[in-house]
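Q: Please take a close look at a single part of this model and describe its surroundings in one connected account.

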Amino acid sequence: MPLLLDASTLEDILSTGAAIHEKSECHVAVETDEIRLRAQAEDRTIYFEYSLPRSSPHVSGDTDPDSFWMKIDRINRFLRATGDGEVRITLPSETPDRTLIFEPEQLTYQAPSLITEYGHRLPDVPVSDIATTFSIRHSEFAQAITAANFIGSEVQLQINPETSRIEFAAADPGGDDFTYVVQPEQVKQIHDSATRLTIPIDILRDLKQNIPPTTLVTIRITPHYVQYTTTFPTADSTLTLY
């Protein structure tokens, strides 16, 4: 039995995934209890994972588990032209030629699934101790990334849990620089140890426009990676970036 997903929810999910990989290659796993989408940037600097419970009111259908790769840029452009409503999705395991079929209203879009050799591109996220954790509105994060983008390709992030201070900064060799400090009342949680690090902003620059500004995001910093987590585009779904 095909899956039924809300069209606007599916478009939000695919838009975020498409910003990760230049060719918009994404792995989809339809499991018994959840649907997972995963993608990794071609330079391996950022990893995207999205999960939506099968029990969510935004998804229905009693389809069997399946796992496949697909290119989502054309699918997403097609969805933008279809409007609201539900999208009927027939998985590759249900078609004789492993074709993925999207049917919003009276329209039909067919897309071939990709070969399974793409699987090596998915990383194993290392288990690591959390050094610092804080939560702020996405608008605070997006504003800092926007300002840093005027200066260069990186942003420095400095966190001090004792004073609840979160500071974003950037500078270039020509002398231009900026500093953005999140106001204490906008910090929803902050704990663990003081940390300072530098992160690239090229993909973050593209991602920030997809997340609503009032969405609460939690950022965890470890010795191996920075983890960005939020509930988007629905309250029962989870978007995680590494």
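A: Two strands are counted as paired if DSSP finds at least two bridges between them. The model is a predicted one, and the part chosen here is strand E17, which spans residues 226–230. Of the five residues in E17, four are buried, so the strand is mostly covered, buried meaning under 20% relative accessible area.

On one side, strand E16 (residues 216–221) runs antiparallel to E17 and is joined to it by five bridges. Within this pairing, Val-217 has Thr-230 of E17 as its bridge partner. The two strands make up a hairpin, with four residues lying between them. E17 is also paired with strand E18 (residues 238–241), again in antiparallel fashion, through three bridges. Here Thr-229 is matched with Thr-240 of E18.

These pairings belong to a wider arrangement. E17 is part of an open sheet of nine strands with antiparallel pairing, in the order E6-E2-E3-E4-E18-E17-E16-E10-E14. At the edges stand strand E6 (66–71) and strand E14 (189–192); each has a single partner strand, so one side of each lacks a neighbour in the sheet. On average, and with direction ignored, neighbouring strands of the sheet are turned by 15° against each other.

Elsewhere in the sheet, strand E2 (residues 25–30) and strand E3 (residues 34–40) are antiparallel and share four bridges. In this pairing, His-27 lies opposite Arg-38 of E3. Helix H1 (residues 7–18) packs on the sheet, where it touches E3, strand E4 (47–53), E6 and E18, and its direction makes about 165° with that of E4. Helix H3 (residues 138–151) also packs on the sheet, and E17 is among the strands it touches, together with strand E10 (132–137) and E16. The direction of H3 makes about 95° with that of E10.

A further residue to consider in this region is Ile-211, located in the loop between helix H4 (202–207) and E16. Ile-211 counts as buried because its relative accessibility is 6%, below the 20% limit. Leaving aside residues up to four places away in sequence, Ile-211 touches His-138, Tyr-228, Phe-232 and Leu-239. Of these contacts, Tyr-228 falls within E17, His-138 within H3 and Leu-239 within E18. Ile-211 and Ser-139 are 72 residues apart in sequence, while their C-alpha atoms are 8.7 Å apart in space.

Terms used
Residues numbered from 1 in each chain as written. Predicted model: local features only at pLDDT ≥ 70, side-chain atom pairs only at ≥ 80, totals over all residues. Heavy atoms only, no water. Buried < 20%, exposed > 50% of the residue type's maximum accessible area, 1.4 Å probe, protein only. Axes fitted to C-alpha atoms, helices over the stretch in contact; angles between N-to-C directions. Contact = heavy atoms within 4.5 Å.
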